[in-house]
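Here are some notes for a first look at this structure. Please keep the model open while reading.

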Amino acid sequence: MFRLGLTVLFVKRYLIAINKVKKDIHPKYHRITIEMTDGSKFETRSTWGKPDSVMRLEIDRLKHPAWTGGKTVLMESGQVEKFKNKYRSMSFED
C-alpha cells in the first residue's frame with residue numbers, strides 16, 4: 001500500500017511537471033545540405049539557416065588534424081616563454 005501511494009504521488013508530480021513545460025522556446029529543426037570541400041554532399045537536420053539551405057564547409061575533413069588524428073603545428077614559443085619575454089625586466093625573485 002505504501003509503495004503504491006508513493007508511485008501515485010510520483011506520477012501526479014510528473015504529470016504536473018509536464019504541463020509546466022514552456023512551449024515554443026526551442027529552435028525548430030529542419031533539413032539542410034552540408035557541402036564538403038571535396039564536393040560531396042549529405043543531408044542532415046539542424047537549427048542553422050533556413051529549410052533546404054546549403055552549408056559549405058571550409059575545413060577539409062580529409063586533411064584536417066581533427067579528423068585525421070595528425071598532430072597540429074606547434075608555435076615556436078609557448079605562452080610561458082611569451083610571458084617571460086614580456087615581463088623580463090621585472091624581477092619576481094626575492
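1. Start at D60. This residue lies in the loop between β3 (54–56) and α2 (65–68). The model is predicted, and every point below should be read in that light. The side chain of D60 makes a polar contact with the side chain of T37, at 3.2 Å. Which residues does D60 touch, once its neighbours within four places in sequence are left aside? They are T37 and W67.

2. Now the overall layout. The chain has 3 helices and 3 strands. Along the sequence, the pattern reads α-β-β-β-α-α. Of the 94 residues in the chain, 10% are buried. The exposed surface of the chain comes to about 9500 Å². Carbon and sulfur atoms supply 58% of that area. Consider next the contacts with a separation of 6 or more: residues 24 or more positions apart account for 3% of them.

3. The sheet comes next. It is open, and its 3 strands stand in the order β2-β1-β3. The pairing is mixed. Why is one side of β2 (41–46) and of β3 left without a neighbour in the sheet? Both stand at the edges, and each has a single partner strand, so one side of each has no neighbour there. From one strand to the next, the twist averages 35°. As background, strands of a sheet pair through backbone hydrogen bonds, either parallel or antiparallel.

4. Look at the pairing of β1 with β2. The two strands run antiparallel, joined by 6 bridges. Within this pair, I32 stands opposite T44 in β2. β1 and β2 form a hairpin, with 5 residues between them. G39 sits in the turn and has a positive phi of about 95°.

5. Turn to the other side of β1. Strand β1 covers residues 30–35, and 3 bridges join it to β3. Here the strands run parallel. I34 stands opposite M55 in β3. E35 stands opposite R56, also in β3.

6. Is β1 largely enclosed or largely open? It is largely enclosed by the rest of the structure, because 5 of its 6 residues are buried. H30 belongs to this strand. It counts as buried because its relative accessibility is 13%, and the cut-off for buried is under 20%. The side chain of H30 reaches the backbone oxygen of K28 at 3.5 Å. Leaving aside neighbours within four places in sequence, H30 is in contact with T44, R45, S46, T47, W48, G49, K50 and P51. T44, one of these contacts, is the residue in β2 that stands opposite I32.

7. How many salt bridges does a search of the whole structure find? It finds 2. One links E35 and R56, with the closest N and O atoms 3.5 Å apart. E35 lies in strand β1 and R56 in strand β3, so the pair ties together parts that are 21 residues apart in sequence. These two residues also stand opposite each other in the sheet. R56 counts as exposed, at 57% relative accessibility.

8. The other salt bridge joins D24 and K28. Their closest N and O atoms are 3.9 Å apart. Is D24 buried or exposed? D24 counts as exposed because its relative accessibility is 69%. K28 is exposed too, with a relative accessible area of 58%. The backbone oxygen of K28 is the atom that the side chain of H30 reaches.

9. One backbone detail deserves a check. D52 is found in the loop between β2 and β3. Its phi is near 65°. That is a positive value in a residue other than glycine. D52 is exposed, with a relative accessible area of 68%. G39, in the hairpin turn, has a positive phi as well.

10. To recap, the open sheet has the order β2-β1-β3. β1 pairs antiparallel with β2 and parallel with β3. The E35 and R56 salt bridge links β1 and β3. D60 lies in the loop that follows β3 and leads to α2, and its side chain makes a polar contact with that of T37.

Notes: Residues numbered from 1 in each chain as written. Predicted model: local features only at pLDDT ≥ 70, side-chain atom pairs only at ≥ 80, totals over all residues. Heavy atoms only, no water. Helix = DSSP H or I, 4+ residues; strand = E, 2+ residues; numbered from the N terminus. Polar contact = N/O pair within 3.5 Å; in protein donor to acceptor, adjacent residues only side chain to side chain. Contact = heavy atoms within 4.5 Å. Pairing = 2+ DSSP bridges. Axes fitted to C-alpha atoms, helices over the stretch in contact; angles between N-to-C directions. Buried < 20%, exposed > 50% of the residue type's maximum accessible area, 1.4 Å probe, protein only. Salt bridge = Lys/Arg side-chain N within 4 Å of Asp/Glu carboxyl O. Areas by Shrake-Rupley, 256 points an atom, 1.4 Å probe, with all protein chains shown as cover.
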